[in-house]
Amino acid sequence: MNGENPQAALDQIIASPEFAPHIVVNKLIPAVEASCVPFPANLDERIAAALRKRGIDRLYTHQAEVWERARSGQNVVVVTPTASGKTLCYNLPVLQALLEDPEGRALYLFPTKALSQDQQAELGEVTGLDLPVKTVTYDGDTPGSLRIAARDSGRIVISNPDMLHAGILPNHPKWIKFFSRLKFIVIDEAHAYRGVLGSHVANVIRRLRRIAAFYGAAPRFILCSATIANPRELGEALIGENLVLVDKNGAPRGEKRVILYNPPLLDPAQGIRKSSMTESRRWMTALLRGGIKTILFAHSRIKTEVAASYVNEDLANLYTNNSGIRVEPYRGGLLPNERREIERGLREGTIRGVVSTNALELGIDIGGLDASVVAGFPGSFNSFWQQSGRAGRRGGTSVSVFVASSSPVDQFIMNDPDWFFGKGAEEARIDPDNPYILTDHVKCGCFELPFRDTEITEAVGDVLSYLEEDGIVRHTAGNGTAENAGRWHWSDRSFPAEGISLRSATADNVVIIDLTNGRNAVIGEMDRPSARELVFKNAVYIHRGRQYLVEELDISNRKCLVREADVNYFTDGLVKTDIKVLSEDEETSISASNETGNSTMAAKMVIGDVLVRSQVSKFKKIRFRTHENIGYGDIDLGEEEMQTRALMILFPQESAAGAVLTSMDEEEAGSVLSGAGTLVRHIAPVYLLCDPRDLGIAERVRDPHFAFPALFIYDKYPGGTGLAEALAGKIRDVFAAARRAAADCPCAGGCPSCVGPESDKAGTLRLLTALTAP
């Protein structure tokens with residue numbers, strides 16, 4: 001830790017009466033020594049000299065193993081913890097190959113532009129003036145004047161999947177020199193490519209390999225990942241080739257203190273606790289006052305802005321001049337120059353604290369942070385340990401504080417911390433053949449290069465036939481030989497990649513324009529689905545601590561007009577949802593045992609397509625500080641429809657769980673289904689390694705399609721991404737964890753930490769017991 005005596009300050013904070021009574025666990029994870037080996041004998045002396053200048057004279061054992069694997073021509077995925085030197089794992093074999101072949105090229109892919117900029121600086125320190133390997137960044141922020149030079153003379157091109165998808169692959173004739181000499185493709189932070197984004201990126205890599213092969217190149221892959229349960233499986237699904245796994249970490253680890261903190265109960269009978277954001281802000285303020293550089297992870301843009309404002313106000317109240325402590329919010333939607341200003345301030349020490357969404361979860365170099373505060377469970381253990389690992393990256397002792405929210409999964413962890421510390425990493429899943437996603441990328445691939453009949457899979461062939469019916473592609477017959485196979489040509493006038501977003505269901509971004517005093521300045525941007533929920537007319541938009549009132553949201557022209565205001569509240573949109581069953585593709589039963597020990601049906605389970613209609617119809621105003629609801633407003637935005645996949649849990653009267661519900665009146669049955677849905681909503685993402693926002697839940701006391709009670713768990717992406725199918729195999733575990741979370745909650749009849757304050761806890765427990773009877 002930095003500062004005059006930060007360890008003493010931390011000990012004082014932990015022992016203080018305002019925090020100590022509510023610390024559930026204070027666990028010290030001991031330091032680990034490094035395991036090192038000498039530089040490889042065949043390492044170019046110029047690289048070795050550049051490393052020695054940086055104070056590196058040996059390699060960690062995992063770096064050496066990746067070197068050997070890559071030099072032998074294998075594709076590699078390396079899985080080690082945060083701050084374990086993964087960058088050298090790929091830089092060494094890549095630089096060696098490019099020095100051996102003066103015409104060789106390499107492509108580095110990072111999930112964010114901020115990481116790309118960070119890694120160019122890292123590579124610049126290694127190459128310096130001593131290595132003739134030009135490194136360039138090619139992304140959306142690269143000026144047009146530099147793009148031609150980047151294409152023609154860049155030996156290592158650093159980019160991101162979005163730019164590769166929309167800017168590089170569709171223009172591959174301009175990149176002939178690069179693609180024809182491509183030796184390596186590096187994919188960093190591979191664990192980030194899961195769900196929708198991962199399914200898109202897998203298809204982008206398919207397109208990349210097609211184009212490289214067209215120009216005669218067969219690049220090798222090096223992937224880096226944080227700890228997940230299936231890194232090789234995920235990596236092979238991403239790149240479509242075999243990988244060898246390197247997962248024995250040789251890097252040292254500094255001492256880390258992990259604190260689990262449960263905010264105090266305000267109303268024990270109703271299970272209402274102090275807000276996790278309020279308590280996280282108090283932890284951050286206390287740590288900053290003790291000279292401890294701190295990052296606070298909030299889990300939404302609004303919470304990030306509000307928490308940063310609160311901390312700055314707290315510090316201003318404590319110190320007349322704020323004691324020089326500056327805290328900034330960091331989130332999606334900030335302009336590039338704002339992001340870089342904050343990153344630079346953290347590295348240089350002019351910014352002592354930052355409140356971030358998961359945008360800083362990945363390995364951007366933001367200097368030596370000593371403490372991380374995680375406000376509420378981030379949705380997966382992988383994300384939690386990534387966020388925890390942002391503190392202590394430069395060695396020494398660090399601290400990570402997990403401040404629980406009232407959600408069921410947070411309280412489940414607080415009631416069973418051994419489960420938390422003993423829980424293995426989750427699996428990351430992708431579905432590259434999702435019909436919506438695959439269709440998008442078949443369009444892009446056909447635009448880039450005609451498809452030959454001999455190269456297409458059955459799924460791609462079906463998509464091409466469908467597109468031919470719409471006149472988007474046309475087929476020309478060949479003579480049946482490989483040299484003159486039939487081909488599928490692009491015949492539409494559109495440029496398909498520009499209309500396809502890798503990160504959301506739509507490529508439309510809404511720009512936010514400040515009209516204050518005639519400025520007409522763009523101050524941020526937001527994807528269209530988020531804009532409908534966050535920047536509707538009369539919403540409060542917060543940008544780096546400043547408040548703006550939305551005057552107009554023009555979805556069709558993709559702009560939002562705002563004006564500075566000084567109000568004492570922020571806003572939150574309320575979404576109502578309706579579901580219609582379209583198909584029943586697969587039906588199974590959840591089995592249980594009855595009172596005599598015989599097997600019986602607990603419930604039915606159906607996987608199929610559903611149509612989800614959603615509308616943001618109202619918003620509530622929430623007062624700053626007290627978080628009390630001070631009013632509602634109407635939102636006049638149209639309904640949106642989405643066809644997706646769902647896991648439908650059905651409760652016919654003859655099932656054990658159905659018998660529980662039919663013994664109740666409709667109001668009570670609705671309350672019980674709502675309680676079960678609340679628990680599943682919070683707990684299922686832990687088993688699926690997905691964001692809680694990736695899943696939707698709907699309860700029906702009497703579903704019009706099935707004519708009996710049903711619980712719908714649906715994928716919130718058009719066409720689905722495999723979450724419904726994955727959950728089907730884990731549903732008993734999810735229900736068992738939900739039952740434990742409700743049973744262990746000390747509340748009397750339902751609270752925010754279990755089934756919700758308006759649900760029937762006893763009835764929900766009866767339902768979950770019926771679903772999980774051994």
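Biologist: In this predicted model, how many strands does the open sheet have, and what is their order?

Modeller: Strand order is read across the sheet rather than along the chain, and here the three strands of the open sheet lie in the order β19-β21-β20 with antiparallel pairing. The edge strands, each pairing on one side only, are β19 (451-452) and β20 (473-476).

Biologist: Which strand do bridges join to β20, and what packs on the sheet?

Modeller: Four bridges join β20 to β21 (residues 487-490), the two running antiparallel, and Val473 has Trp490 of β21 as its bridge partner. Helix α17 (residues 435-448) packs on this sheet, where it touches β19, β20 and β21, and its direction makes about 95° with that of β21.

Biologist: How many residues does helix α12 have, and what should they span?

Modeller: The expected span follows from a rise of 1.5 Å a residue, so the 18 residues of α12 (residues 301-318) should span 26 Å, and the end C-alpha atoms are indeed 26 Å apart, which agrees. Among the buried residues of α12 are Thr304, Val311 and Leu315, and the helix's buried residues pack against α11 (276-289), β14 (294-297), β15 (327-330), β16 (353-356), β24 (540-543) and β27 (569-581).

Biologist: Which residues touch the most other members of the largest nonpolar core?

Modeller: Of its 67 residues, those are Phe377, Leu647, Ile649, Phe651, Ile731, Leu767 and Leu771, while helix α21 (residues 666-688) gives the most to this core, with eleven residues. Beyond its neighbours within four places in sequence, Phe651 has contacts that include Leu661, Leu673, Phe708, Leu767 and Leu771. A second, separate core of 42 residues includes Leu164, Trp175, Phe178 and Leu502.

Methods: Residues are numbered from 1 along each chain as its sequence is written. This is a predicted model: local features need pLDDT of at least 70, side-chain atom pairs count only at pLDDT 80 or more; totals for chains, interfaces and linings use all residues. Side-chain values use heavy atoms; hydrogens and water are left out. The expected span of a helix is 1.5 Å times one less than its number of residues. Buried means under 20% relative accessible area, exposed over 50%, partly exposed in between (1.4 Å probe, protein chains only). Contact means heavy atoms within 4.5 Å. A nonpolar core is a set of buried Ala, Val, Leu, Ile, Met, Phe, Trp, Tyr and Cys residues joined through side-chain atoms within 4.5 Å. Two strands pair if DSSP finds at least two bridges between them. Axes are lines fitted to C-alpha atoms, for helices over the stretch in contact, and angles run from 0 to 180 degrees between N-to-C directions.
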